Amino acid sequence: MRKLRVGVIGCGGIANGKHLPAMKQNGNFEIVAFCDLIEERAQKAKKEYGTEDAKVYTEYEELLKEDVEAVYVLTPNSSHAPISIAALEAGKHVMCEKPMAKTYAEAKAMVETAERTGKILTIGYQNRYRADSTYLKKACEAGELGEIYYARAHAIRRRAVPTWGVFLDEEKQGGGPLIDIGTHALDLTLWMMDNYEPEMVVGSVYRKLADQTETGNAWGDWDPTVFTVEDSAFGFVKMKNGATIHLESSWALNSLDVREAQTTLCGTKAGADMADGLRINRVNHGRQCVEKPDLARGGVAFYDGTEEQSSDVEQRVFYNAIVNGEPLTVEPRQAMVVTQILEAIYESGRTGKAIYF
């Protein structure tokens with residue numbers, strides 16, 4: 001298998017926590033260029049993950065002149081669209097971190113550029129590659145749940161506000177938990193339903209706890225003076241076929257019902273949730289029953305199998321799409337609809353009105 005020459009734009013937390021280790025684990029990537037506004041971060045990433053002659057930049061335009069086939073866009077949300085579009089125009093394939101963009105217009109421009117240039121564009125929704133997600137997707141595709149007409153997208157943290165980077169900066173991120181973790185839950189839900197045609201959205205966006213001190217936050221107390229995004233947001237989505245989705249997201253909420261990157265599905269034949277591992281509920285032979293698939297590898301005493309990390313699968317899918325022409329798992333038009341719905345929830349929260357598409 002040939003090596004894929006790539007460049008990385010943005011060498012912060014998501015790069016070091018997900019993409020760079022997964023590319024190293026894969027073994028078929030050559031990371032030959034690194035870019036970050038803070039040069040020391042790019043130098044550090046090069047030392048740990050780059051080739052010996054890898055180059056370091058502080059301006060992404062310079063990196064795009066490099067002889068690389070693909071670029072990873074791992075920057076704050078506000079720069080996803082301009083950098084991704086520039087990379088596609090420069091003839092590079094693009095892996096862009098979630099969410100796709102701050103706005104639907106930006107996401108649409110990314111899709112149109114990818115289609116015009118013929119380059120691959122995908123978005124980092126790695127939760128699709130989890131064992132429970134892939135099992136449930138196969139069940140949905142096989143029609144085991146029937147028509148899925150009601151769903152809930154869960155992204156609830158009790159007190160886990162990210163206090164580093166630019167997470168609390170509305171201008172750079174476009175929002176708080178809704179666009180940060182709500183995006184994963186909504187993506188999973190739409191993917192399972194295979195439904196990307198929203199008709200109407202009503203949303204509520206709150207900043208109720210952000211000014212508190214002695215917060216009990218998992219990562220230490222946040223600074224209220226820089227907390228310019230919401231601490232929770234909720235949306236009701238009506239799809240064109242009549243299906244409804246309830247999206248819930250929070251970084252800080254006085255609730256013990258804590259679930260993140262999960263979906264609940266209700267269909268005409270069966271339902272499913274991820275509250276206690278993956279559970280599929282149905283009626284068999286006149287009796288209510290619950291199926292809990294064993295998603296662990298192994299099963300014999302002398303073999304302790306390990307489940308492949310979702311981030312590892314994500315890199316393999318991207319590699320195979322470029323090198324072997326295999327299909328993407330995350331299509332850009334799907335991710336575009338996620339951004340469209342998130343933007344509508346924010347707009348509905350601001351205006352107090354329903355948003356119709």
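**Entry 1: a term to start with**

Two strands pair if DSSP finds at least two bridges between them. I keep that in mind while I look at this model, which is a predicted one. I began with β11 and β12, which run antiparallel and are joined by two bridges. Which residue of β12 is the bridge partner of cysteine 266? I found glycine 271 there. A hairpin through two residues links β11 to β12.

**Entry 2: on to β13**

Next I followed glycine 271 to its other side, where its bridge partner in β13 is asparagine 281. β12 and β13 pair in the antiparallel sense, with four bridges. These two strands also make a hairpin, this one with five residues between them. In its turn I noted glycine 277, with a positive phi of about 75 degrees. I then checked where the residues of β12 point: Ala270 and Ala272 go one way, Gly271 and Asp273 go the other way, and all are buried.

**Entry 3: the whole sheet**

I stepped back and traced the order β14-β13-β12-β11-β7-β10-β9-β8-β15, nine strands in an open sheet with mixed pairing. Why is one side of β14 and of β15 left without a neighbour in the sheet? Both stand at the edges with a single partner strand each, so there is no neighbour on the other side. Further along, I looked at β8 (residues 198-206) and β9 (residues 232-239), which run antiparallel and share eight bridges. Among the partners, tyrosine 206 is matched with serine 232 of β9. Helix α6 (residues 131-141) packs on the sheet and touches β7, β11, β12, β13 and β14. The direction of α6 makes about 20 degrees with that of β11.

**Entry 4: looking for disulfides**

A disulfide is a covalent bond between the sulfur atoms of two cysteines. How many disulfides does the structure hold? I counted zero. For cysteine 35, the closest cysteine sulfur is in cysteine 11, and at 7.2 Å it is too far for a bond; the cut-off is 2.5 Å. Cysteine 96 is in no disulfide either, as its nearest cysteine sulfur, that of cysteine 35, is 14 Å away. Are these two cysteines buried or exposed? Cysteine 35 is buried, at 3% relative accessible area, and cysteine 96 is buried too, at 0%.

**Entry 5: a pair of helices**

Last, I looked at α1 (residues 13-26) and α2 (residues 39-49), which pack at about 30 degrees with axes 11 Å apart. That angle makes them roughly parallel, since angles under 35 degrees count that way. Their crossing is right-handed. From α1, the contact uses Asn16, Leu20, Pro21 and Lys24; from α2, Ala45, Glu48 and Tyr49 take part.

Conventions:
Residues numbered from 1 in each chain as written. Predicted model: local features only at pLDDT ≥ 70, side-chain atom pairs only at ≥ 80, totals over all residues. Heavy atoms only, no water. Contact = heavy atoms within 4.5 Å. Axes fitted to C-alpha atoms, helices over the stretch in contact; angles between N-to-C directions. Buried < 20%, exposed > 50% of the residue type's maximum accessible area, 1.4 Å probe, protein only. Parallel < 35°, antiparallel > 145°, perpendicular 65-115°, else oblique. Left-handed = near helix turned anticlockwise from the far one by under 90°.
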